[in-house]
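Please open the structure in a viewer and keep the sequence panel visible. The tour below proceeds stop by stop, naming what to select and describing what is found there.

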Amino acid sequence: MKKLLCFVLSLMLAMSAVLALGEASETHFTPGTYESEGQGFGGKVQVSVTVTEDAITDVAITGEMETPALGGVAVETMGDAIVKAQTPNVEAVSGATVTSTAIITAATEALQAAGADIAVLDANRKDTAEDVVKEEKTIETEIVIVGAGGAGMAAAIMASQAGKDFVILEKMPYVGGNTTKATGGMNAAETHYQKEQGIEDSVELFAADTMKGGHDLNDPELVKTLASKSAEAIDWLDTIGADLPKISFSGGASTNRIHAPADGSAVGNYLVDKFSAKLKELGVDVMLNTKATELIVEDGKVVGVKAEGADAFYTIKAKAVILATGGFGANLDMIASYRPDLKGTVTTNAPGATGDGIVMAQAVGAALVDIEQIQLHPTVEQTTSMLITESVRGDGAILVNQKGERFTNELLTRDAVSAAELAQEGQYAYILFDQHLRDNLKAIEKYVTNGLTVQADTIEELAEKLSIDPATLAKTLADWNEAVKTQNDAAFGRTTGMNADLSTPPYYAIQIAPGIHHTMGGVKINTSAEVINTEGNVIPGLFAAGEVTGGVHGGNRLGGNAVADIVIFGRIAAESAVAYVSK
Ligand code: ADP
């Protein structure tokens, strides 16, 4: 026993000597500025590191191609983090792993070129301050909005315009949530844009399409509200500079109803940018990095939230709370608990979509609806979780299995195409397209620069690269091109996305499988966005809007209805909360 104790003691001494040596190792650089670059999400990210003999004094990062709300945050913040830490190995920005890794790798290379030993930099890192003791802070306000995605920001603009005192919390270091991922547009009926463009539509038709698309599981009253308030929501967007004048067709709609930005850019980033600009103009600061953890209840009423920020614990006292925390598509444990069959499925969701609002609302008695209704997106690249936009199929791509054969009408609803993929051997497929399609769809460049595509000059060569029988794939393609020529897909009855065949080399393929995309279920609300408890009564002081709620989409969400949901019910939640606190 004594011997063992001696051995342990001497080992500890030896270890502390090694540690001491590590600490004693000095950082040495050859002074100057060193540059390197890494592969980001949208393109190259350049890193320029300036060092003196013993310190990193400046890290400048440029990456114009990075998504402003995600990779852009890494580009903006990681340089300072590296200077603070005096090592390139700083924490990645959550949700921007690709850009963060590119920055860390490029900074590492630049510092190595400056003669640094990265292990020594890590041993001497300067950002390991003792555990921060967080202060307890109390804030008093009228309304707390939890979550700064589309619904939360729409509600915040309304609350500000109504002259109310409020705070808006966002747990991530950036705003936007899943809303930034919305690519299509916003469904709305009887809008002035439709009238100007001679498109006939009606509120009743919009409601009927939504019910049908949702397999009639939707709450008809919520759907009626969605449809009847959609045109005024479009008018309101106009007033804040977020016009959506470009109208087109989207799956499940009886007419052209999906409204998008004039230049056809993705609706999500567009709205998040416009909402952020409006909030700035109104002087509203979003409390970033601040996570609501609990609803405060007094005498049966919700009267605030508890929250945790980077350097404080908050008790925020208010008269009303709006939950706009989004869905739970990024909480894979929660997904598996409601849908064991989806265990292990990748997700396209932003990292903040962890169902916090659902859990907090449930803790104060809220009822949940359709919680097991989860939408899969059929074309998700599995190693990066990158969503391959529906437009690739809409513009003419086909899906083939490992045998090189088509197996479905590629433009059926998302649930049907996903199910067809899961029925294939290996539960995956390849999305196949040609140079002509690439030339006409900007989104493809991102897939190519991120190395997701396999490319070949002939279809046979592509087949070989994918370990598919070349003759089978060549026949599949020839049959498809014939179907496009005759506008008759006898095999699977496809009638859309057949404007161009696939005959311009090089050919491309991306291996894809379904990924979790949208959680349709959530907290039960009424048409005033008041949260309903398990007894069917309103919970006073608690409002909810957006993906945190259930009932609007039923068993399947139509493309264009998520954006409609967040704008319309975000506005309603704010109106109701404003009326409630003004009583
Ligand atoms: P919606 O489309 O309904 O607006 P989003 O996913 O776009 O939903 O936005 C929800 C936002 O709420 C995200 O930015 C997410 O990070 C944020 N959020 C989620 N949980 C919390 C929480 N507990 N506290 C603060 N913000 C949260």
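Select Thr30 to begin; in this predicted model, Thr30 has a relative accessibility of 47% and therefore counts as partly exposed, the range for that class lying between 20% and 50%. Thr30 is found in the loop that runs between α1 (2-24) and β1 (32-39). Add Val51 and Ala114 to the selection: Thr30 touches both, when residues up to four places away in sequence are not counted. Leu111 may be added as well. Although 81 residues separate Thr30 from Leu111 along the chain, their C-alpha atoms are 9.5 Å apart.

**The loop before α6**

Move next to Thr191, which lies in the loop between β7 (186-187) and α6 (192-196). Is Thr191 buried or exposed? Its relative accessibility is 0%, so Thr191 counts as buried. Beyond its neighbours within four places in sequence, Thr191 is in contact with Ala231, Ile234 and His259.

**The loop between β6 and β7**

Select Gly176, located in the loop between β6 (166-169) and β7. Gly176 also has 0% relative accessibility and hence counts as buried. Once neighbours within four places in sequence are set aside, the contacts of Gly176 are Ala148, Gly149, Gly150, Met153 and Val272. For a view across the model, add Asn331: the C-alpha atoms of Gly176 and Asn331 are separated by 18 Å, with these positions 155 residues apart along the chain.

**The ligand**

Now select the ligand and display the residues around it. Which residues come nearest to the ligand? Of the 25 residues around it, these are Glu170, Asn178, Thr179, Asp356 and Glu547. Sorted by class, the shell around the ligand consists of 8 nonpolar, 12 polar and 5 charged residues.

Three backbone positions deserve a closer view. A polar backbone atom of Gly150 is 3.1 Å from an oxygen atom of the ligand. At Lys171, a polar backbone atom is 3.1 Å from a nitrogen atom of the ligand. At Asn178, the distance from a polar backbone atom to a ligand oxygen atom is 2.9 Å. The ligand taken alone exposes 580 Å², of which the protein buries 97%. The elements that contribute two or more residues to the shell around the ligand are α5 (150-161) and β11 (291-298).

**The loop between α11 and α12**

Select Thr348, placed in the loop between α11 (332-338) and α12 (356-363). Thr348 is buried, because its relative accessible area is 7%, and buried means under 20%. Show the side chain of His517 too: the side chains of Thr348 and His517 make a polar contact at 3.0 Å. Apart from neighbours within four places in sequence, the residues in contact with Thr348 are Lys181, Val380, Ser385, Leu387, Ile516 and His517.

**Helix α14**

Turn to helix α14, which spans residues 414-422. Its buried residues are Arg414, Val417, Ser418, Ala420 and Glu421. Why do these residues line one face of the helix? Looking down the axis of α14, one sees its buried residues fall within an arc of 160 degrees, so they line one face. To see their surroundings, display β16 (374-381), α13 (390-394), β18 (398-400), β19 (429-434) and β21 (507-519), against which the buried residues of α14 pack.

**Backbone geometry**

The final stops concern the backbone. Most residues other than glycine have a negative phi, and most peptide bonds are trans. Select His215, in the loop between α7 (203-213) and α8 (220-228). His215 is not a glycine, and its phi is positive, near 55 degrees.

Asp370 follows, in the loop between β15 (368-369) and β16. Asp370 has a positive phi of about 50 degrees, although it is not a glycine. With a relative accessible area of 18%, Asp370 is buried.

Finish at Pro505 and Pro506. What is the peptide bond from Pro505 to Pro506, cis or trans? The bond is cis, and its omega is near -5 degrees. Pro506 is placed in the loop between α18 (470-486) and β21.

How values were computed: Residues are numbered from 1 along each chain as its sequence is written. This is a predicted model: local features need pLDDT of at least 70, side-chain atom pairs count only at pLDDT 80 or more; totals for chains, interfaces and linings use all residues. Side-chain values use heavy atoms; hydrogens and water are left out. A residue is near a molecule or strand if one of its heavy atoms lies within 4 Å of it. A polar contact is a pair of N or O atoms within 3.5 Å; within protein, one must be able to donate a hydrogen and the other to accept it, and residues adjacent in sequence count only if both atoms are side-chain atoms. Accessible areas come from the Shrake-Rupley method with a 1.4 Å probe; for residues, only the protein chains shown count as cover. Helices (H or I, at least four residues) and strands (E, at least two) are DSSP runs, numbered from the N terminus. Ala, Val, Leu, Ile, Met, Phe, Trp, Tyr, Cys and Pro count as nonpolar, Asp, Glu, Lys and Arg as charged, and the others, Gly among them, as polar. Buried means under 20% relative accessible area, exposed over 50%, partly exposed in between (1.4 Å probe, protein chains only). The arc is that of the directions from the helix axis to the C-beta atoms. Contact means heavy atoms within 4.5 Å.
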